[in-house]
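Here are my notes for you, as numbered points. Please keep the model open while you read them.

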Amino acid sequence: MTRMKMKREVLLCIGLLALLFEFTSGSKTNHLRLNEDFQERGPEDTGEILILSAQRGLDQVDKKALKKQQQQEKKALRRERRKKKRQQRKKNPNGDIGSDGVDTPEKPSVSPSVVISMAPSAMASELPSVSVMPSATHSASPSLSMVPSSHPSVFPTIAPSVSNKPSFSPSLFPSDQPSKSPSLAPSNLPTSAPSKAPSQVPSKSPTATPSLFPTSSPTFSPSASPTGSPTYSSLPTFSPSDVPSLPPTESLVCGGLKKEERNEQVTSKLLTSFPTGLHENAHNWIVYEDKRALCPDNIFLEQRYILTVFYLDTNGSSWTRKRRWLSANDECEWFGIECNVDGFIRNIHLESNNVIGTIPDAIGSLHSLRELYLFENTLSGPFPLLPDSMFDVRLYKNNLYGLLPDSWPQKMSILQINHNKLSGPINSIYQVSTLRIVELHRNEFNGTVSAHFGSLEDLNTLTLHKNNLSGSIPDDVCALRKGLLLRETNKLSRLSADCLPSPNTPKVQCSPAFLFEEVCCTECHE
């Protein structure tokens with residue numbers, strides 16, 4: 001079996017060499033005989049047929065050489081006759097030319113005509129004719145015709161045919177190069193490279209690579225196996241694929257985490273920072289909706305969550321100004337937010353902005369916050385928990401109610417909480433030795449004023465009027481007024497209380513200012 005196979009391969013190689021010789025030196029008649037041999041004997045005798053054809057080609061070469069020699073002799077004879085004719089014309093310009101000077105009529109031309117003939121030549125030329133209609137038989141080289149041939153070529157041509165229209169039947173073997181225009185019927189075998197334009201009918205076998213352009217209609221049958229790369233089609237297939245496509249790869253985030261893992265770790269990190277519980281809507285926005293999608297180890301995760309809680313608890317959608325809030329921008333770029341050089345929140349300035357609702361205690365976890373300006377809004381609820389970093393608190397003209405906290409930030413300098421509905425004693429405030437301005441008027445505070453307020457050496461303003469306080473202003477507090485009268489700096493310049501008779505005795509008594517025997521309070525109200 002192996003010897004038969006080797007013999008067949010040797011014959012096939014010899015046949016291919018013979019075919020090459022055939023194409024370069026054979027005649028049209030020999031080509032016709034080659035075609036007839038193939039039709040009679042079949043493709044299994046391809047090697048023997050081609051060897052016989054090569055032998056006929058060698059015989060034809062000898063004939064052509066003899067013919068060429070005869071043609072050269074004829075050309076020499078014609079040149080001699082034309083020379084003789086010109087000489088006779090010079091001797092006898094008005095006379096007739098003898099029969100010896102006339103050329104004999106020629107047989108078929110050696111080269112094809114320049115002008116297209118309407119009928120075929122009586123004899124075959126060595127080169128293909130340029131004709132309006134196709135030849136009845138196959139030529140060795142591709143025809144340059146305007147109409148396609150009625151039969152496919154037995155063997156592929158070296159180069160594709162140059163035709164205005166595609167052939168009616170597919171080639172038996174694929175060509176080396178793709179056709180410039182698609183064929184009317186699909187090829188029996190796939191080409192090595194994809195066609196430049198889609199065919200009107202799908203191919204019987206899949207191509208090695210996907211088509212560059214989609215077919216005009218979907219394929220009727222599914223692919224036997226998935227392609228290496230996806231095909232691009234405008235319409236779906238009529239039948240499902242036998243083999244399912246591989247599942248899509250999931251993109252990783254935060255240095256190699258899946259999205260579900262990232263979400264779980266973000267939730268865990270927030271629960272660690274806020275063990276009493278998370279704000280549900282704020283948590284969902286941070287984990288699932290925030291396009292910034294911070295990673296669990298991001299140091300700004302907590303402050304972004306806190307601002308989200310604040311926005312939702314104070315009806316942020318109704319604020320007068322809310323530019324960039326709950327956007328993909330850095331939270332330091334949200335309206336009213338200022339950060340320090342390290343990126344942590346330093347100031348919240350949202351005064352006169354229609355902020356409604358309660359101040360969440362989560363604000364107390366902003367450990368770099370120094371200024372909280374929320375005055376002239378409609379905030380309600382108890383007094384918020386403040387971080388130790390707080391320096392300036394301005395919450396006046398709101399609807400805050402309840403008691404003051406027992407402890408305060410120790411670096412606070414300004415506390416303006418007037419015009420609210422706060423109640424209870426005020427004596428926890430004096431714990432902050434750095435206070436300069438304390439405005440508590442127009443609330444519902446009760447009790448007495450502690451002498452410890454006199455220890456606030458930097459106190460400049462203390463307003464206590466329009467409350468339910470009783471007793472008297474301690475001498476230690478009035479002593480701060482004495483320093484002002486003696487023209488010392490940083491002394492109490494404004495002190496107000498309900499020190500007018502109402503109706504008989506005042507709610508709060510103010511002692512004389514020592515040497516000057518003046519009233520201690522600078523403002524007395526009923």
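1. Let me start with a single bridge: Ser423 sits opposite Glu444 of β11. It belongs to the pairing of strand β9 (residues 421-424) with strand β11 (residues 444-447), which is parallel and runs over two bridges. Right beside Ser423, Gly424 faces Phe445 in β11. Strands here are DSSP runs of E with at least two residues, helices are runs of H or I with at least four, and both are numbered from the N terminus; two strands pair if DSSP finds at least two bridges between them.

2. A word on the source before going on: this is a predicted model, in which local features need pLDDT of at least 70 and side-chain atom pairs count only at pLDDT 80 or more, while totals for chains, interfaces and linings use all residues. Residues are numbered from 1 along each chain as its sequence is written, and side-chain values use heavy atoms, with hydrogens and water left out.

3. What lies on the other side of β9? Strands β7 and β9 run parallel and are joined by two bridges, and Tyr401 has Lys421 of β9 as its bridge partner. The faces of β9 are worth a look too: Leu422 and Gly424 form the covered face, Lys421 and Ser423 the uncovered one. This fits a broader pattern: in a regular strand the side chains alternate between the two faces of the sheet.

4. Now zoom out to the sheet. It is open, has six strands in the order β3-β5-β7-β9-β11-β13, and its pairing is parallel. At the edges are β3 (356-358) and β13 (468-469), each of which pairs on one side only.

5. Next, the largest nonpolar core (buried Ala, Val, Leu, Ile, Met, Phe, Trp, Tyr and Cys residues joined through side-chain atoms within 4.5 Å). It holds 69 residues, and Ile348, Phe383, Ile429 and Ile473 touch the most other members. Two or more residues come from each of α4 (259-273), α5 (280-289), α6 (301-313), β2 (345-349), α7 (475-485), β15 (494-497) and β16 (508-510). The most generous of these is α6, which gives seven residues.

6. Which residues does Phe383 contact (heavy atoms within 4.5 Å), leaving aside neighbours within four places in sequence? Among them are Leu395, Leu400, Tyr401, Trp408, Ile417 and Leu422. Two of these names, Tyr401 and Leu422, you have met above.

7. The axes of α4 and α6 (lines fitted to C-alpha atoms over the stretch in contact, with angles from 0 to 180 degrees between N-to-C directions) come within 10 Å and cross at roughly 80°. That makes the two helices, α4 and α6, roughly perpendicular (65 to 115 degrees). Val266, Lys269, Leu270 and Ser273 of α4 meet Leu301, Glu302 and Tyr305 of α6.

8. Please check two backbone angles. Ser352, in the loop between β2 and β3, has a positive phi of about 50° without being a glycine. Lys397, in the loop between β6 (392-394) and β7 (399-402), is likewise not a glycine and has a positive phi near 60°. For context, most residues other than glycine have a negative phi. Ser352 counts as partly exposed because its relative accessibility is 34%, and Lys397 is partly exposed at 39% (buried is under 20% relative accessible area, exposed over 50%, partly exposed in between; 1.4 Å probe, protein chains only).

Key. Contact means heavy atoms within 4.5 Å. Angles under 35 degrees count as roughly parallel, over 145 as roughly antiparallel, 65 to 115 as roughly perpendicular and the rest as oblique.
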